[in-house]
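Here is a friendly walk through a few parts of this structure. Keep the 3D view open while you read.

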Amino acid sequence: MRRTSGRCWREREVLTPERIEALVMGRESDPFSILGVHPAARDFIARCFLPDAVEVSASTLDGNPAGTLQRIHEAGIFEGKVAIRQRQVLRYRARYPDGATHEVIDPYSFGPVLGPLDDYFLAEGSHLRLFDKLGAHVMTHEGVAGTHFAVWAPNASRVSVVGDFNAWDGRRHAMRLRADSGTWEIFLPDVGPGHAYKYEIVSANGVVLPLKADPFAFRSELRPATASIIADTPAHIWGDAEHREYWRTADPRRQPISIYEVHAGSWQRDEFGQFLHWDALADRLIPYVVDLGFTHIEFMPISEHPYDPSWGYQTTGLYAPSARFGDPDGFARFVDGAHRAGIGVILDWVPAHFPTDAHGLAEFDGTALYEHADPRKGFHPDWNTAIYNFGRREVAAFLTNNALFWTERYHVDGLRVDAVASMLYLDYSRKAGEWIPNADGGRENWEAVEFLQGMNRAVYGTGSGAVTMAEESTSWPKVSQPVHEGGLGFGFKWNMGFMHDTLRYLQLDAVHRQHHHDDITFGLLYAFTENYVLPLSHDEVVHGKGSLLNKMSGDYWQKFATLRAYFAMMWGYPGKKLLFMGQEFAQRAEWNEARALDWHLLDHTPHRAVQSLVRDLNWLYRGKPALHARDCEGEGFQWLLVNAAEDSVFAWLRLAPGEKPIVVISHFTPLLRHGYGTRLPFGGRWREILNTDASDYNGSGAGNWGVVEAAQDGWAHLTLPPLATIMLEAE
């Protein structure tokens with residue numbers, strides 16, 4: 001196989017019958033050495049391959065005739081001298097048997113777009129602008145408008161761009177191999193935005209693989225179609241400078257962060273039951289989130305994926321916003337609109353694994369290119385997916401560049417990285433003998449660790465203010481600590497223990513909770529070892545787990561009361577907040593991605609009351625620094641009542657320097673307790689700033705009439721409403 005790099009201006013090569021046959025049959029690996037314009041003694045000769053053409057004439061781009069080419073193979077190979085004084089791009093006019101004529105600019109007359117430095121950094125895995133180089137880019141090259149295609153496939157013997165512009169014929173636009181990096185490229189003149197395309201790849205042993213979508217496609221067809229789409233140059237004019245500057249200079253650990261987790265395909269649907277496009281979603285979702293006081297929207301994966309029930313977690317197009325919701329500029333408009341309204345946007349991001357669909361990354365060039373060849377490292381038994389080879393430089397760069405792409409191209413404020421635990425452990429979900437130990441004989445995947453550290457360094461190194469969050473369910477140390485201190489480098493870690501322990505506690509009948517008091521207290525032993533987000537996520541309301549409302553024990557009224565008390569306890573607990581859509585109004589059914597939420601429930605008072613409470617909690621959390629400014633630091637928390645197991649009562653103090661402290665008291669029995677004695681931090685008047693049992697929230701109306709008087713030593717007698725959380729602020 002000929003391996004070439006750079007511009008192929010060379011003396012005319014003698015065309016053997018074997019090479020002509022290879023060209024016609026699509027087996028030629030170096031088409032630029034045959035086709036295009038080449039020196040021939042003191043003249044220039046042009047060759048082209050225009051299948052089915054019977055006559056071809058050449059001219060310069062400014063219209064001057066350059067000569068007639070002779071057909072040297074009946075399949076459509078033409079050759080002839082051309083009257084030009086210097087090497088230049090030619091235009092061919094072809095006539096076909098039916099008399100039709102067609103003009104094309106010769107793609108093999110152009111020099112390469114990529115350069116030696118691109119090859120160097122691509123091969124080294126250190127290129128941080130891959131999305132500017134690989135994929136399909138509309139551009140003007142050597143004075144001609146068209147699209148440049150580039151794809152990494154180092155083990156292929158031939159790669160072609162095929163699409164609706166060349167009848168999906170892999171013989172027509174075979175690409176140039178840049179041997180130093182294993183990248184193939186070609187510039188196609190007069191091919192612009194909107195065209196569908198894929199890559200036809202021939203493996204090293206001559207097998208034509210299933211057509212592959214572009215790993216760097218910026219736009220894709222709507223499923224079930226799987227082709228990539230040439231995307232236009234981004235046209236959106238951003239107006240979010242104020243939002244970006246705020247978060248660029250802020251310390252997110254000390255900011256109020258309350259996240260509304262959304263599945264874009266099922267939050268709401270249009271009147272025909274179809275997906276909302278980004279503009280319609282912006283018109284509905286952004287005002288809703290603003291009204292409820294959330295600070296951020298977190299979307300479950302919106303990159304292109306073939307299978308709706310995967311919820312986007314099995315993506316085949318990491319660089320393309322899904323066509324389900326419209327064009328890519330629509331997503332840019334959504335993010336910009338959210339930013340102008342003061343709302344950040346976080347994306348779920350999935351670098352842990354990918355599906356093995358034939359058009360995707362699996363065995364991309366006929367080899368295990370993006371994945372491990374050995375299924376003990378390259379196959380994920382939980383999801384029947386392939387696992388990225390994090391130790392391969394080019395693969396790590398592909399993923400790191402994708403993280404940078406979303407934060408730069410679409411201004412996203414954060415990436416929540418899915419399934420981090422599955423990346424960190426070589427024996428994750430595997431039995432003995434089903435995994436390969438690391439070089440030290442251990443189970444740690446040091447290649448994944450190095451990738452995650454590098455990705456986080458790159459994201460935070462841009463200084464854009466974007467944050468990263470890890471869904472990591474084990475006790476791996478320093479997940480949210482800086483890389484230079486031995487950490488993974490994430491900004492935050494999901495507190496899965498909080499979610500599991502507290503939900504387990506609240507599913508118990510109230511009479512049994514006294515025996516499981518540590519389900520609530522235990523989490524405070526490690527609450528400040530990481531920068532935590534408290535997630536009540538989609539994972540807790542699917543696959544037979546039921547909704548949050550139905551997890552609560554007790555009768556109808558008690559379920560609502562317990563849920564309200566739980567939300568207020570969580571909003572008063574140290575850590576950032578995350579709530580999955582629908583739970584803010586106590587959705588009764590568990591989530592189903594195939595239909596919209598049950599918005600009609602808001603016609604009923606108990607559901608409206610929960611929504612009202614969530615709204616008040618968010619605005620209280622945002623407005624009171626004691627509740628957020630030290631979410632990740634132990635100095636912002638003190639226990640007041642930790643051992644009241646028999647009463648199922650918990651009380652703590654939230655603090656921030658220079659701010660009024662706030663007492664949070666949660667009571668998880670259905671008893672109304674009058675004159676409950678407890679010691680507050682100091683004496684005086686304490687305002688009752690929240691009571692989840694208030695009649696405004698459809699509670700029983702029990703409480704402290706807005707004020708608690710504490711003796712000089714802080715001793716106070718309170719009314720603790722049933723299944724309720726109250727908050728007190730010092731006057």
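## A four-stranded sheet

Let's start with Arg178: its bridge partner in β12 is Thr183. That pair belongs to the link between β11 and β12, which run antiparallel and are joined by 3 bridges. Keep in mind that what you're looking at is a predicted model.

Zoom out a little and you'll find an open sheet of 4 strands, in the order β8-β9-β12-β11, with antiparallel pairing. The edges belong to β8 and β11 (176-178); each has a single partner strand, so one side of each is left without a neighbour in the sheet. On average, neighbouring strands here are turned by 30° against each other, direction ignored.

## Strand β9 and its partners

Now follow β9, residues 144-152. Of its 9 residues, 8 are buried, so the rest of the structure largely encloses this strand. On one pairing, β9 meets β12 (residues 183-189) in the antiparallel sense over 7 bridges. Look for Phe149 here, whose bridge partner in β12 is Ile186.

The other pairing is with β8 (residues 135-141), again antiparallel and over 7 bridges. His141 has Val144 of β9 as its bridge partner. The hairpin of β8 and β9 has 2 residues between the strands, and Glu142 takes a positive phi there, near 55°.

## A three-stranded sheet

There's also an open sheet of 3 strands, with the order β10-β13-β14 and antiparallel pairing. Which strands sit at its edges? They are β10 (158-163) and β14 (228-229), each pairing on one side only.

β10 and β13 (residues 196-202) pair in the antiparallel sense over 6 bridges. If you want a spot to look at, try Val162, which stands opposite Lys198 in β13.

## Helix α10 and what covers it

Time for a helix. α10 covers residues 446-461, and at 1.5 Å a residue its 16 residues should span 22 Å; the end C-alpha atoms are 22 Å apart, so the two agree. Right after α10 comes Gly463, with a positive phi near 70°.

Plenty of α10 is tucked away: its buried residues are Ala448, Val449, Phe451, Leu452, Gln453, Gly454, Met455, Asn456, Ala458 and Val459. What covers them includes the helices α8 (393-409) and α9 (420-424), along with the strands β19 (344-349), β23 (414-417) and β24 (467-470).

## Helix α15 meets two helices

Last stop: α15, residues 605-623, which packs against α5 (residues 278-292) at an angle of about 70°, with the axes 8 Å apart. Angles of 65 to 115 degrees count as roughly perpendicular, and α5 and α15 therefore fit that description. From α5, Tyr288, Val290, Asp291 and Leu292 meet Gln611, Val614, Arg615, Asn618 and Trp619 in α15. By class, this contact of α5 with α15 has 5 nonpolar, 2 polar and 2 charged residues.

With α14 (residues 556-572), the angle to α15 is about 10° and the axes are 10 Å apart. These two helices, α14 and α15, are therefore roughly parallel to each other. Tyr556, Phe560, Leu563, Arg564, Phe567, Ala568 and Trp571 are the α14 side of the contact, and they meet Pro606, His607, Val610, Leu613, Val614, Leu617, Asn618 and Tyr621 in α15. The residues of this contact divide into 12 nonpolar, 2 polar and 1 charged. Val614 and Asn618 of α15 are worth a second look, since you'll find them in the contact with α5 and again in the contact with α14.

How values were computed: Residues numbered from 1 in each chain as written. Predicted model: local features only at pLDDT ≥ 70, side-chain atom pairs only at ≥ 80, totals over all residues. Heavy atoms only, no water. Axes fitted to C-alpha atoms, helices over the stretch in contact; angles between N-to-C directions. Parallel < 35°, antiparallel > 145°, perpendicular 65-115°, else oblique. Contact = heavy atoms within 4.5 Å. Nonpolar A, V, L, I, M, F, W, Y, C, P; charged D, E, K, R; others polar. Pairing = 2+ DSSP bridges. Expected span 1.5 Å × (residues − 1). Buried < 20%, exposed > 50% of the residue type's maximum accessible area, 1.4 Å probe, protein only.
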